[in-house]
Structure formats: structure tokens, C-alpha cells
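Colleague: I want to test the terms used for this model. Can you take them one at a time?

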Amino acid sequence: MESGKNYVYGVFDQEEALLSAVQKVRESDVKIDECYTPYPVHGLDDALGYKRSRISVAAFMFGLTGTILAFTMMIYMMGIDWPMIIGGKDHIAIPSFVPVGFEVTVLLAAFGMVGTFFVISNLKPYGKPKTFDIRSTDDKHIMAIDLANNKKSVAELNEILKSSGASEVNEKKF
Amino acid sequence: MEVTSPVREVLVTGNKSYHDVSHDICRHVEAKPNPKWMAAMAISLGALFTGGYALAITLWDGIGVWGLNKTVGWAWDITNFVWWVGIGHAGTLISAVLLLFRQKWRTSINRAAEAMTIFAVICALLFPLIHTGRPWLSFYWFVPIPNTWGSLWVNFHSPLLWDFFAISTYFSVSLVFWYIGLIPDFATIRDRAQNKISRAIYGALSFGWDGAAKTWQRYETVSLVLAGLATPLVLSVHTIVSFDFATSVIPGWHTTIFPPYFVAGAIFSGFAMVLTLMLITRKVYKLEDYITINHIELMNIIIMITGSIVGVAYITELFMAWYSGVQYEQYAFLNRATGPYWWAYASMMTCNVISPQLFWFKKIRTSLWATFALSIVVNIGMWFERFVIIVTSLHRDYVPSSWAMFHPTIYDMGIYLFSFGLFFTLFFSFAKFFPVINMAEVKSVLKSSSGEIANKK
């Protein structure tokens, strides 16, 4: 977390107020740093102009790694390192490798994706949350504006936030 | 864009505001444990320690203390294993399959159902582990690790090994899925916390969650992909459990119908267990506005459908045994229904096939007492189903001189009691220290489901 950043933030009571405010604020040429909501607000990512998350691609790659790893392991162990005939099956009997192959695929896809999610979203035990207002995990929506990224003054931003529907406007330093 | 049909039953009643949702759920976490909870916990711990004695004796003396004999080599151990795994399936079904089908009513029950899944799978894992006799060596039998026998690897052709991979993957993926959902709620508890200790604990558990829009967007993608992974996973787990039997050549086990039949049975018993637990939680925690009669009715309908599928499977099995023309196969089923274990078969048929048909009556499926009673009946029936499949297929084998009966010893019963103690100890701890309802998800469906939001402060 960078120190010494100055923010102005607006508090919104309802998700509709936040959604329309995001549009208005962006139209008046103000760069929004981030919004903080107590629950996933649908359409907020589009309103903020966020691109679709590519985390599912990561999941696919991890899953593919799992499949290849599992089949390589089983083929090496059962077919090359110590070949044995069990139940009259071939040494390398692909159908009986399918269940384990599938499970390892799912395991790696799930853990890889969740690990990626934690790393890119900076979630970790004792991670420090960027709490503008503790009510933002209860029932309030926060729109935070970084002063360094905008040419407008605090008073101007105050005015814009208030007029677009914020119930409170405050300043905070991180 | 999401399309929502205009007329819908209200999901959350009582005209709740967002703050009410946080308050209703968090207050149980914040309150001091009440005497009722302590009494319930004491009973579970009593079961845990009493049963723990049987477990300790089993580990010390070996599985010879069980009632197994040369003919019946699997009995209560694997019955309990399959029973617990089956119960676990409902949690994943609610959280993953209903998420994919956009069934918003799942939001009030998914947290507790997933917790139940995880605890049930822990109980299930216990049985295959101890039935190996020397569990401390079981790593060499299940996990492909290099060893001193010239690296004699585990047998990847064996369904028992597939089972190990399936159950352990299922457990860890369910745990991750559950935890991802808990993070935003832990953050709510952290921000409401009045004292330093709980702020520190829930702060650590919440992983520094602040509800940023970008994180929420990724969170939703992660949940959706996890649901997509967990859906085939949950179907694969009970399929592979059924392979333990279906790939053998024992009459009564060697049937291709097992995978779908086991999966339906698992969902059936799992929903029954969810209802047993939720009806108690709902009452004790006064969550009637979140878990409404509508939720209970929907779950009862699922029980009715899966119970009927199980009934069709029983009858199909009987028909196929007759139609196969194989005398061993025919005898296995004749013996099941009319042999010395006829009472187990009759209990199974009554509890699983006949009793859920009562849910055709709206009066019964919307009655709390009837639902509670039937949810227990269903789980008794499902335990008997596994007992019938396992023991009656084994106890009269090919040579009449080796025919035998299975008599459980106190150690068999004690370990089953231990698994109950473990399950309820974990569940009661969860109900006290964790938010029992997914607050963030309930808040996200509050508006679309209850029309107007009370604008209370």
C-alpha cells in the first residue's frame, strides 16, 4: 500500500444511486480510483469500464497442466517404470486412467485459479484492507477518487459527488 | 443482461434492509455462547469421546475387533463411508449446480449446506482410512510416492485408488469454494467487531477483503468457474464410489446402473440432512425470514424426485436380475428381499421409496414437523440401502458352508457414534463462529426478490 495518497470518497446508500453516479462522474471527466460495495453489484464493472476478467483462462491452463501431469505420471508408473498386468488390462490402459486424470485436472484448475485470484487481488492472511468506511462491508457503497489522478480541486470533486447522489463526501489519506 | 421473470415468490421476507441482514446473521457470531448451544456441544463432545474409545481400541488392536468375518469382509465401515459421502453431495449441489441454474433461493442455504458437505466428507474419509487396518502406512497404498520397494507404485487400475483421488479432490475443492464465499462475510464481521481479539481473528480470516469492484468482478468469475468445476466433480465422486462395487464381479454389485443410482441416492440423503440441520438452525437462530417455507418446500420437492429415481433404480435392479437369467444374480436379489436380512431390505424400501411419496401432498411438504420427521426417516433408509447392498451381497457367497451373518460389535457401533460426534462438534462450532448464511449473496438478491427495500437506517 502506497503511503500519502489523498482520496475524496462519496458514500451512497443504494446501488442504483452508485451506478448512475459512476456514469455521471465519469462523464464530468473525473477518474474514479475504485468503488467498494458490500455485495457484488451487477453492471458496476461495465459502468467503471473494467474489462472482463481473464481468470478463467488461468483456470483452463492450470487444468490442462493437471491433465498432462496426471496422464504422464500414470503412463510412466504403470507402463514404463514397473509394468504390471492387472485384471488382464494393458500396461497403459487409458480408460482406467480417466478417473484420476479428471480429478487431478479439477484439483489443479481449482487451486491454480483460486491462488491466482488471491495473488492478483492481493488477498492474504493479515492483508490490509483499504477501508474507507467500515460501513462499506455492511450496507453502504463507496466511490473513491484519487486526487493525484485528477486536476480538479477537492471542492469541485465534492460538488460533483454531491450532485450525483452521494449522501456523504469525505476525505481520507492512505 | 440477466432476464428475470416478473412474478416471483419473495426470497427474503420481513422487509429487511441491508443492515438488518448483516445484523441478523452477525449477532449470533458476536453473542456469547448460550446455554442451549453449550448443552448441544457437550452432547456432541460426549459422543466424540465415547466413540473415540472404540476408535482407539480399533487402532491399537486392529480391525479384528469389528464384527467382520471371512465371508463378510466389508460391513459397517464402508456402509458408513458411502452414507457420509452421499450426505455431503447436497452441499455441492446447492452451491454449484443451483448457481449454474441461477436458482437464487440457494443463497440462504448454501453456506450451511457447504459446511455440512465438508464435515460429512471428513467423517467419510475416516472410514476407508481406518478400514485399511494400519492407517499410518496407507500413504504407500494411496499416494504415488517413491518408496524403497524399487518404487512399486500404487495401482492406478484400481477403483479404490480412484476413490482416494476423487474424495480428496472433492474435499479440497469444496473447502476452497466454501472459503472463497466466506471471505466477504468475514470482512463484514471484522468491520463490525467491537473487541480487539475478534477483529484480529476475523481480520486474518478475511484476507484483507475490502469489497473493491474489481475484486468482486473476479470473485464472481471465480465462483462461476468453481461451480462449473464442482458440478462434474460431484457427479464423478459418487460415480467413482459406486465403481468400488460396480467394477467387481460380486452378484448384486456388478451392475451398470450403479453410478446414476448412487448419485440420485446421494442427493436424496444429502437434502434430507440439509433439512434436518437447517430446520434446527432456523428455529434456534430465528432465521425464518431467510429460510422460508418456500425454501423448505423446494427442497422437499427435490427429495421427492430423487427418492422416486432411487425407487425406479431398485425396481430396475430387480428386473435386470430376473431378466439376466443368471442364477447367482437372481439369487442375490431374492436373498436380499426374502433372506435373513429381509428386514433391512424392507426398511430401505419403506423409508426411501414410500415415505418421500408423502411429499406429493402440499400440506405435508410445507409442514415443518412432517419435513423434520421425514428427513430423518430418509437418512435411516439411505443407511440401510448401503448396508443392504454391501452385506446382503456378501453374506451368502458361492459355497453354502461359508454362509455367514454379520453381527456388529460395540466397536463398530462406537466408531459410527464417533463420526456423529465429530460431525456435530464441527457443525456446532461452525454455527457459533461462522456466519451461517452468506450475507453478501443474500444482499445481492434482496432487491430483485423482495421488490422494495426498506430504507431504514
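Colleague: What makes α2(B) and α15(B) a crossing pair: how near do their axes come, and at what angle do they cross?

Modeller: This is a predicted model. In it, the axes of α2 (residues 35-61) and α15 (residues 410-433) of chain B come within 7 Å. They cross at roughly 145°. Two packed helices are described by exactly these terms, the angle between the axes and the distance between them.

Colleague: Is the crossing of α2(B) and α15(B) left-handed or right-handed?

Modeller: Left-handed. The term applies if the near helix is turned anticlockwise from the far one by less than a right angle. The crossing of α2(B) and α15(B) is assigned to that class.

Colleague: Which residue classes make up the contact of α2(B) with α15(B)?

Modeller: There are 19 nonpolar residues, eight polar and one charged. Gly counts as polar in that tally.

Colleague: Turn to chain A. How do you know what radius of gyration a compact globule of 174 residues would have, and what does chain A have?

Modeller: The rule is 2.2 Å times the number of residues to the power 0.38. For 174 residues that puts a compact globule near 16 Å, but chain A has 25 Å. So chain A does not match the value that the globule rule gives. Its C-alpha trace spans about 80 × 30 × 30 Å along the principal axes.

Colleague: Into which domains is chain A divided?

Modeller: Domain 1 takes 6-51 + 128-173, and domain 2 takes 55-120. Their C-alpha centres lie 45 Å apart.

Colleague: Why are residues 57-77 and 97-120 of chain A called "transmembrane region"?

Modeller: The label comes from UniProt, in an unreviewed entry. Such annotations may be inferred rather than shown by experiment, so the label alone is not experimental proof. In the model, residues 57-77 are 100% helix and 0% strand, with end C-alpha atoms 30 Å apart. Residues 97-120 are also 100% helix and 0% strand, and their ends lie 34 Å apart.

Colleague: What is the secondary structure of chain A as a whole?

Modeller: Five helices and four strands. Along the sequence the pattern is β-α-β-α-α-α-β-α-β.

Colleague: How many residues of chain A are in contact with chain B?

Modeller: 56 residues of chain A are in contact with 48 of chain B. The cut-off is C-beta atoms within 7 Å, so each counted residue has a partner inside that limit. On the chain A side, β2 (34-36), α2 (44-47), α3 (55-81) and α4 (94-120) each supply at least two residues. α4(A) gives the most, with 15 residues. By class, this side has 35 nonpolar, eleven polar and ten charged residues.

Terms used. Residues numbered from 1 in each chain as written. Chains lettered and ligands numbered in written order. Predicted model: local features only at pLDDT ≥ 70, side-chain atom pairs only at ≥ 80, totals over all residues. Contact = placed C-beta atoms within 7 Å. Axes fitted to C-alpha atoms, helices over the stretch in contact; angles between N-to-C directions. Domains from an automatic or database assignment.
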